[in-house]
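Please open the model in your viewer and keep the sequence panel visible. The tour below goes stop by stop, with something to select at each one.

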Amino acid sequence: MRDKKQIVGMAAALLANVIFGFSFLFSKLALSVAHPLVILSARFTVAFVIMNIMAVLGIVKINLKGKKLGGIIAMGIAQPLCYFIFELYGLSLVSSALSGIIIALVPIGVILISTLALKERPTKLQWLCTFVSLIGISLISILSNDGAKSYFLGIVLLILAVISAAIFNILSNKQSQSFSAFERTYVMFLIGFIGFNLISVFVLKGQYLPSVITAFKSPSFIAAIVYLSGVSSVAAFMLYNYSTSIISAVRASAFSNIITVVSIFAGIVILREKFSFVEVLLCVPIILGVWGVNFKKDTKLIETSK
């Protein structure tokens, strides 16, 4: 029974990350039409509306009364607030294919933060694989660099997104003891809805509403927001938060490997982005490194009993 539950948890994490992989494609489509902050405010406004409709119709239940909200609020600040600002601005400066590769480092970020915060020691194999992945991403960054300063900034922003995602993974796993998958997702989108709209109004000022109106006149923007809010936000994050209720944060984050594969496929095949054969080969040590981090099943860091 326990094994069956573990399989369900892993399947939920896998499906969520397949959905996340295609989000790079739709984010790129939206970025061709609108400012990053307009995309984020629209995405989380629509997502939050969808979740409230689900709650009102009784499809799902939410009960936050009497519960300590500090941890879940911190989780919501890490993701979506910090993560999506870093990711979307980073994505605007580099290709969706390379973005997917950098985001594949999330499992390594989870291990490093777990080591510092939870005092758990990775094995020598895990440290070696971490080093291999970092070398791979560094070489791709050098080969892909066109000499523009903005490119380096994009890499830095995406690394900050990785750190934010790693913190979210650990907090989501911890908060699963007190909050359901829907409750965690609901608080995340409440914070995203409030935060991104306030930031958008502050940064864009008088251009905010005109920018939103102009964006929604574009069919490609509407299609992107439908996917990003309804599928990649509500559905995928509920699946992912559900998975962290069953399997450990490190195990769940390991499935982010699939994001790399899906985003590279979408970038090259659908968006026709340029990605050299050497860069594709360098994806191999990155993915193998991330896989190696999660290879040893009897490591306490990998398997956390529920």
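In which loop does K205 lie? Select K205 and follow the chain to both sides: the residue sits in the loop between helix 8 and helix 9, the latter spanning 208–215. This is a predicted model, and the angles given here are computed from it. Phi of K205 is near 55°, a positive value in a residue other than glycine. Most residues other than glycine have a negative phi. Turn on the surface and K205 shows as exposed, with a relative accessible area of 61%; residues count as exposed when that value is over 50%.

Now zoom out and colour by secondary structure. The protein has 13 helices and 0 strands, so every element in its pattern along the sequence is α, as DSSP runs are counted here. Of the 306 residues, 52% count as buried. Next, display contacts between residues at least 6 apart in sequence: 90% of them join residues at least 24 apart.

Select helix 2 (residues 36–56) together with helix 8 (residues 181–204). Their axes come within 8 Å and cross at roughly 145°. The crossing of helix 2 and helix 8 is left-handed. Colour the residues of this contact by class and you should find 18 nonpolar, 7 polar and no charged residues.

Move on to helix 3, and select Q79 and P80. What kind of peptide bond joins Q79 and P80? The bond is cis, with omega at about 25°. P80 has its place in helix 3. As background, most peptide bonds are trans.

Keep Q79 selected for the last stop, the cavity. Rolling a probe the size of a water molecule over the atoms shows where empty space is left. The structure holds 1 cavity of 30 Å³ or more, and the largest cavity has a volume of about 220 Å³. Of the 21 residues that line the largest cavity, the closest to its centre are N17, F20, Q79, Y83 and I259. Q79 therefore appears at two stops: in the cis bond to P80 and among these lining residues, which have an atom within 4 Å of a cavity point.

To see where the lining comes from, select helix 1 (2–31), helix 3 (70–91), helix 7 (149–175), helix 10 (219–243) and helix 11 (249–254); each supplies at least two residues of the lining. Coloured by class, the lining of the largest cavity divides into 12 nonpolar, 7 polar and 2 charged residues.

Definitions and conventions:
Residues numbered from 1 in each chain as written. Predicted model: local features only at pLDDT ≥ 70, side-chain atom pairs only at ≥ 80, totals over all residues. Heavy atoms only, no water. Axes fitted to C-alpha atoms, helices over the stretch in contact; angles between N-to-C directions. Helix = DSSP H or I, 4+ residues; strand = E, 2+ residues; numbered from the N terminus. Left-handed = near helix turned anticlockwise from the far one by under 90°. Nonpolar A, V, L, I, M, F, W, Y, C, P; charged D, E, K, R; others polar. 1 Å grid on protein atoms, 1.4 Å probe; cavity = no way out; pocket = protein on both sides within 12 Å on 5 of 7 lines; lining within 4 Å. Points joined across faces, edges and corners; volume = space filled by probe spheres on them. Buried < 20%, exposed > 50% of the residue type's maximum accessible area, 1.4 Å probe, protein only. Contact = heavy atoms within 4.5 Å.
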